[in-house]
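Hi,

Here's the structure I promised to pass on. Have a look at it first, and then read my notes underneath.

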Amino acid sequence: MLRALIPLRQRFGCLFSSSGRRKAYTPPPPCLRVSPTISQLSKRCAHVQPAMSPGADGAVPSFDISKKFGNFDLVRRFKLDFSDVEVSKWKSRTTGLTVVHLDYEAPIVNGYFVVATEIFDDSGCPHTLEHLVFMGSEQYKYKGIIDHLANRGFSNGTNAWTDTDHTAYTVSTAGEQGFLQLLPIYLDHILYPTLTKAGFVTEVHHINGEGHDSGVVYSEMQGRENTSGDLMALKMQRLLNPPGSAYRSETGGLMEALRVLTIEQIRQYHGTYYVPHNISLIVCGKLSSGTTSLLKLIEEQVEPRIADHGQNQGVKPPGWKRPFVETKSAERTGIKENVKETVEFPEKDESVGEVMINYMGPKPNAFLERNALDILSTYLTSSPVAPLNKEYIETESPLCTYIYFGEDTHATYVDLPVYVGSVPTEHIDTFGERLRSSFKRIAENGFDMERMSMVINRDERQFRSKLESDKGDTFSGSVMTDFLYGKEDASELLPAMDEINYYNILKKWTNAEWVDLLQKYYIDPPSVTVIGKPSADMADKLETDEKVRIAAQKEKLSPQGLWQKAKELEDAKAEHDKPIPDHILTAFPVPDVKSISWITVKSVQESGKGRAPAKFEADPELVRHVGKDGEELPFFVQYDHVQSDFVTIHAFFSLADLPNRLRPYLSVYLASFFSLPIKRSTGEELSHEEVVNRLDDETVSYEANLGTAIPSGFPELLRVSIKTEVGMYEKAVAWLKDLLYGSQFDKERVQVTVAKILQSLPELKRDGNTVLTSFYTDLLYNESSSTRAGALLAQMEFIPKIAQQLQESPEAVTNDFEELRKYIIEPSGIRFSVSGNILGLRKPRDVWRKHFGSAISEMPLAPIKLTSESLSDVGKNPVERAVIVSLPTIESSFVMQTTKGIQGFAHPEYPALRVAMEVLNATESYLWRYIRGSGLAYGAYVSADIESGFISFSLYRSSNVIQGFEQAAKVVRGLVDGSIELPLTTIDAAKSSIVYGVAKAVSTASRAAAVSFSNQALKGLPQDSNVKLLEKYQAVTKDDVLASLKKYFLSLFDASSSVAVIATAPGKVDSISEDLSKLGFQVEKRTLQVDPEDMEDVMDVDGSESGSEESEENDDSR
Ligand SMILES: [Zn+2]
């Protein structure tokens, strides 16, 4: 479930930037019930499955700490030889509870509490249970109390996800105090949740007074079940696993199963699987008194409760079968013959479909082979010159937009799925055969061993870089997998984490060994293919069927029954609304902010010769170090030193003076930035393949995008970032220069990029959030906005046009790109940043003179253009407008409603506004309770964009937009007029939760350095201004919060001072439109034109009113 707030993806920046990180085209793994953040985590477990040097057996090294602690026996303890992470795994001999501590220095402590959840049907018990755990426990019988306490303990609340084989509950805190206080309370929820009927009604499923099905889980699955990803994944699960296997199940719950599920079924499921011997507590981070403080806490505060429930039955009670490993699910027979099946998914644009092919992988504990397979997939797909990309994507008529190799760990053997996106419909049927013949050809021709060596080295550099920022948390996925599938003596845990030794083995592999691997897994054995075919008929049918079903449901219930249903829901809500007594909250002490250790960043900003000096104090040591390296530069460079093995250079270029007609070109420019042929300053000419190969060989990662990444903002700046090892610093600077000044806008290369983007448009048009963001940007910003020019609507017009122009007058296109470059490299708009181990650089400053000295002359620095300078008339005066976009691929709705807010980075009213937002947004706080808690939406939150000067309210996957609005408005009005209470404990929790946010934002060396740069160079604030703000937040009073709500948030829910953009299913457009009109909005209905036969239609969409048909409909509905 998504318990975290969802940022509007691609709010800033362009849809089509380019990056040299591994596996840039990554679709989310389709089997998760969760947020984008969580799917990253799941990807992490798939990737970090390393091996160890042969011969080692992971034996326990001798440590002086005893092998017993109270009830706990040490199962295994070891330290990795390539990092400072110490791992120990313990098991309680009385309750069977598993505890794993990954011990390392870090300001944030992370917990993952994992339950193996095997189920043999599609009822969704694991997923619904996951939601119900947060509805209160035996000792804490209040809905959401766990999050109120978590917020007080310097956390941003709890979270959880459910996969096919496990549910994981998570919490992160700044510092250890809050974590240890929270742990026993969290476990009381997991082990002994209340599981009430009322909780089921609001959180899982109910029928509302209008006869519609709703509930948090129901809405969530409604938003997923008929997406191509879910439909194809479920089909694949059924094809791969025999009847009787739990791997066939939709653990999220199919809608029709959720409609008949009962709380009794869930209680029974909980009783069987949520038992201490089936739970592992994984804790990552520093505990000042070591692992023993954790074990002691569990023994004293958790295990007695387990004993009270008679669950202290040892490590393996009689009759217990380890899920998946000792049940029928383990009987995976493998893939006996080639199977190919087609699944239709609803989509009006039938031009492209998707393909998923699954191969049978090695055993889960074959770490060497699994890591080799990961490297193999990187070799095949990691860059524009990788063999599969070259053949399928980097052509003028691409056969797909990405090929992604995944890995799903299961008992018996791992699955090796390959996801292929945006395949032209005429090729989807034969794609699998074609891919296999490509594999054969690669095997016959042999591997390019030079490139293979580069791929392995680069992978290792990226792993080390990830380890530096995430530390032990890098391994949380491996530890979870080991709990589910590893040997019970944990002898496979070290082999699962010993990644660096594994690279060393693979570096010695010969061509023949790689060919054998490809042959063994992808060429010789049969595979299972699922084809996802877009169907306009299905889109219509789903809509009609749902209308018919609801009508029948209403009729069957009769007005009396509907009244009954409405009352049931009201009663359930009333039961939850019991206030939490203050003394329970205040009994949980708020930790001391001083207990958090901040990462030190040493900074010096050199604004450039002849320019006004930096207004902030620089670090003397760094000033000396940089100062002794040659003379002052004629341009802007800021150095931010942190402890690291790496250094990252960023270049920021102003787009303020760029002619608006050139802004749409930015997407193509960014997407092709690292894969154009270049002429180097040395005179050397490199083909695009040489550029990609050498860049990959010499860097850790590279990226070109609009705006800053951490924290996100400033999309009117174009950014290029290159990360390297310290020793490669000068190479990075030289690359930057040549990529900017020396790239050749080669017609074929530009054509390839344009074709790729063109083909990815249908998939983007299916995504509710992307569509919402695009219409939102279109409404509120004018044509001088680079974000708007890069968003979906503008690109749908621009990309076909440039494709045509490339055919008719390619030199005109080249000239446009040359003109674009001329504006980008205009010296007055350039700012450079160097972050990382600067004290370790011999020549931090002079390399810039060497490479850029002649290109950038001395001149005044232009101010930074903010998004507030690109507002449309509606953006300047956001009143009474509503845009509803009809989108056949979604069943729920996405909403963004906006009013004027505060603008500027040092606004005196910001601290009160920030606390007010947290009061509304916090997990289990007002918006959560009134909207998510009533099943009206999966997510609801307010946000402030202080660069543009907007305050917004968003609904994510909403089942009922109008009620969502109304509830949010009711909350704000009620708080302002005093009819809804605002307890001081809520304000305290909001402030503590902000502490977590601030700490998290600077929790790694690279984040801390990025924030230092953004504060000083872009926002004009002191380096530590966000930490300093903590004091201002603490000083915010209840009156301040109420004043802020009154001043800024009342207007947000008033049509006369706000605008709304909504993306929704076609069937809901009319009713939403009618209701919005009643609220005082002037409603405009829009659609995305999707006839691939006639791109002219597509080009009419942007800026124009929707078709006349819709307008008439609109009139009717009024
Ligand atoms: Zn969920």
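**Helix H40 and what follows**

In helix H40 (residues 1069-1078), the buried residues are Val1069, Ile1072, Ser1073 and Leu1076. Looking down the axis of H40, you'll find its buried residues within an arc of 100°, so they line one face of the helix. After H40 comes glycine 1080, which has a positive phi near 105°.

Before I go on, the ground rules. This is a predicted model, where local features need pLDDT of at least 70 and side-chain atom pairs count only at pLDDT 80 or more, while totals for chains, interfaces and linings use all residues. Residues are numbered from 1 along each chain as its sequence is written, and side-chain values use heavy atoms, with hydrogens and water left out.

As for terms, "buried" is under 20% relative accessible area, "exposed" is over 50%, and "partly exposed" is in between (1.4 Å probe, protein chains only). Helices (H or I, at least four residues) and strands (E, at least two) are DSSP runs, numbered from the N terminus. The arc is that of the directions from the helix axis to the C-beta atoms.

**Another one-sided helix**

H30 (residues 810-824) has 15 residues and reaches 21 Å from its first C-alpha to its last. That is close to the 21 Å expected at 1.5 Å a residue (the expected span being 1.5 Å times one less than the number of residues). Its buried residues are Pro810, Val813, Asp816, Phe817, Leu820, Arg821 and Ile824. They cover an arc of only 140° around the axis, which puts them on the same side of H30.

**The zinc site**

This is probably the part you'll open up. Which protein atoms are the donors of the zinc ion? They are NE2 of His127, NE2 of His131 and two OE atoms of Glu220, lying 2.0 to 2.7 Å from the ion. Donors here are N, O and S atoms within 2.8 Å of the metal (3.2 Å for Na, K and Ca), and water is not among the atoms, so sites may look incomplete.

The four donor atoms subtend angles of 52 to 153° around the zinc ion, which makes the arrangement irregular. For the label: four donors are tetrahedral if all angles lie between 85 and 135 degrees; four are square planar and six octahedral if opposite donors are over 155 degrees apart and all others between 65 and 115; anything else is irregular.

The spacing of the donor residues in sequence is H-x3-H-x88-E. Histidine 131 sits in helix H2 and glutamate 220 in helix H6 (residues 216-222), so the pair ties together parts that are 89 residues apart in sequence. Histidine 131 counts as buried at 0% relative accessibility, and glutamate 220 counts as buried at 1%.

What about the rest of H2? Eight of the eight residues of that helix (residues 125-132) are buried, so H2 is largely enclosed by the rest of the structure. Among them are Cys125, Pro126, Thr128 and Leu129.

**Nonpolar cores**

A nonpolar core here is a set of buried Ala, Val, Leu, Ile, Met, Phe, Trp, Tyr and Cys residues joined through side-chain atoms within 4.5 Å. The largest one has 90 residues, and Tyr639 and Trp848 touch the most other members. Domain 3 (602-867) and domain 4 (877-1094) both give residues to this core, so it lies between them; the domain bounds come from an automatic or database domain assignment. Apart from that core lies another, of 78 residues, including Leu102, Leu399, Ile403 and Phe439.

**Backbone oddities**

Two residues other than glycine caught my eye. Serine 422 has a positive phi near 50°; it lies in strand S15 (residues 415-424) and counts as buried at 1% relative accessibility. Arginine 957 also has a positive phi, about 50°. Its place is in strand S28 (residues 950-958), and at 16% relative accessibility arginine 957 counts as buried.

**Pairs far apart in sequence**

- Histidine 576, in helix H20 (residues 536-576), counts as buried at 14% relative accessibility. Its C-alpha is 7.2 Å from that of tyrosine 142, and the two are 434 residues apart along the chain.
- Aspartate 582, in helix H21 (residues 582-586), counts as partly exposed at 41%. The C-alpha atoms of aspartate 582 and threonine 985 are separated by 7.0 Å, with their positions 403 residues apart along the chain.

Cheers
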